[in-house]
Amino acid sequence: MLTLAEEILLLVLDDESGKFIHVPEHSFRYALSGAVLMDLAFLGKIDADPDTLFVIDSKPTNDEILDTLLKPLSESNEQRDCSYWVQYFGRDAFKIQNLALQRLCDSGILTREDKLILWMFKSRRYPIRDGFAEKEVKQRIMTLLFNEDIPDPRDIAIVGLADACRLFERIFSRPEYEKVKDRIAEIGKLELISQSLSKVVREIEFQLAQATAIGPM
């Protein structure tokens, strides 16, 4: 089974170009950190209430990505909520992304191509080698959004994460997005970490917008 971070990466990968769909960088970083936290929750390693995210089982998972986050969570003496940890681990999102991409390549789902443009700038593409896994992720989520089926916990997590990084606004045309946005919001409310993630991203975007409007002092 793919991790949530791997599934998020497959969702933002353009089928034809092998490049990632553009999403706000801070949103994407928090989506990846939220994905790993959710995987830890599904494994019974962590849980959360509205005020605190806490460790239930600190035993290593033997998964490099998950244990990178589980260790500081286990060692923390402070009580912190989901929003804090989503932002904290967002700083390591580049590492999470690289590890997840390498895993997708090692498993034969993606390949990696590096090219030099103008002999100076490196361009990296990730063409799909095994289209089934990538298409299964996208088709599963698209089908869920256009029907009234009860989602399973992992799909709730994927929808909440994708919504937080505004992926659906880029996948769908405007009319299509209008049809499913209420369904997206409905599904996103079913998972605590998804709610916290969305709140964090929206607050940061508001702060950035205010800073841009005020301009430099």
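**Figure 1. Order of the elements along the chain.** Read from the N terminus, the elements of the protein follow the order α-α-β-β-α-α-α-β-β-α-α-α-α-α, in a model that is predicted. The protein thus presented holds ten helices and four strands. Of its 217 residues, 47% are buried. When contacts are restricted to residues at least 6 apart in sequence, 65% of them join residues at least 24 apart.

**Figure 2. Close-up of the largest nonpolar core and of L32 within it.** The largest nonpolar core has 58 residues, and among these the ones that touch the most other members are L32, L37, L73, L110, L145, V159 and F168. At least two residues of this core come from each of the helices α1 (4–11), α2 (25–42), α3 (64–75), α4, α5 (93–106), α6 (131–145), α7 (153–164) and α9 (174–188). The helix that gives the most to this core is α2, which supplies nine residues. For L32, when residues up to four places away in sequence are not counted, the residues touched are A5, I8, L9, A93, I96 and Q97.

**Figure 3. Close-up of the packing of α7 against α9.** The axes of α7 and α9 lie 9 Å apart, and the two helices pack at an angle of about 120°. Because an angle over 115 but not over 145 degrees falls outside the parallel, antiparallel and perpendicular classes, α7 is oblique to α9. The crossing in which α7 passes α9 is left-handed. On the side of α7 the contact is made by I156, V159 and D163, and on the side of α9 by Y177, I184 and I187. One of these residues, V159, is also listed among the members of the largest nonpolar core that touch the most other members.

**Figure 4. Close-up of the packing of α1 against α7.** The axes of α1 and α7 cross at roughly 50° and come within 10 Å, an arrangement that makes α1 oblique to α7. The crossing of these two helices is right-handed, whereas α7 passes α9 in a left-handed crossing. In this view L4, E7, I8 and L11 of α1 meet R154, A157, I158, L161 and A162 of α7.

**Figure 5. Close-up of E7 and its surroundings.** E7 belongs to helix α1, where it is one of the residues that meet α7. Its relative accessible area is 6%, so E7 counts as buried. Leaving out residues up to four places away in sequence, E7 touches L2, V137, R140, R154 and I158. Of these, R154 and I158 are listed in α7 where that helix meets α1.

**Figure 6. Close-up of C82 and S83 in helix α4, with a note on C105.** C82 is found in helix α4, which spans residues 82–90, and S83 lies in this helix as well. With 2% relative accessibility, C82 is buried, and S83, with a relative accessible area of 14%, is also buried. Although C82 and D47 are 35 residues apart along the chain, their C-alpha atoms are separated by 9.6 Å. S83, once its neighbours within four places in sequence are left aside, is in contact with S196 and V200. Another cysteine, C105, has 15% relative accessibility and is therefore counted as buried. A search of the whole structure finds zero disulfides.

**Figure 7. Close-up of two exposed loop residues, N62 and R91.** N62 is placed in the loop between β2 (53–55) and α3, and its phi is near 65°, which is a positive value in a residue other than glycine. At 77% relative accessibility, N62 lies over the 50% cut-off and therefore counts as exposed. R91 is found in a loop as well, between α4 and α5, and with a relative accessible area of 63% R91 is exposed. The C-alpha atoms of R91 and R29 are 7.4 Å apart in space, although these residues are 62 residues apart in sequence.

Notes. Residues numbered from 1 in each chain as written. Predicted model: local features only at pLDDT ≥ 70, side-chain atom pairs only at ≥ 80, totals over all residues. Heavy atoms only, no water. Buried < 20%, exposed > 50% of the residue type's maximum accessible area, 1.4 Å probe, protein only. Disulfide = S-S within 2.5 Å. Core = buried A, V, L, I, M, F, W, Y, C linked by side-chain atoms within 4.5 Å. Contact = heavy atoms within 4.5 Å. Axes fitted to C-alpha atoms, helices over the stretch in contact; angles between N-to-C directions. Parallel < 35°, antiparallel > 145°, perpendicular 65-115°, else oblique. Left-handed = near helix turned anticlockwise from the far one by under 90°.
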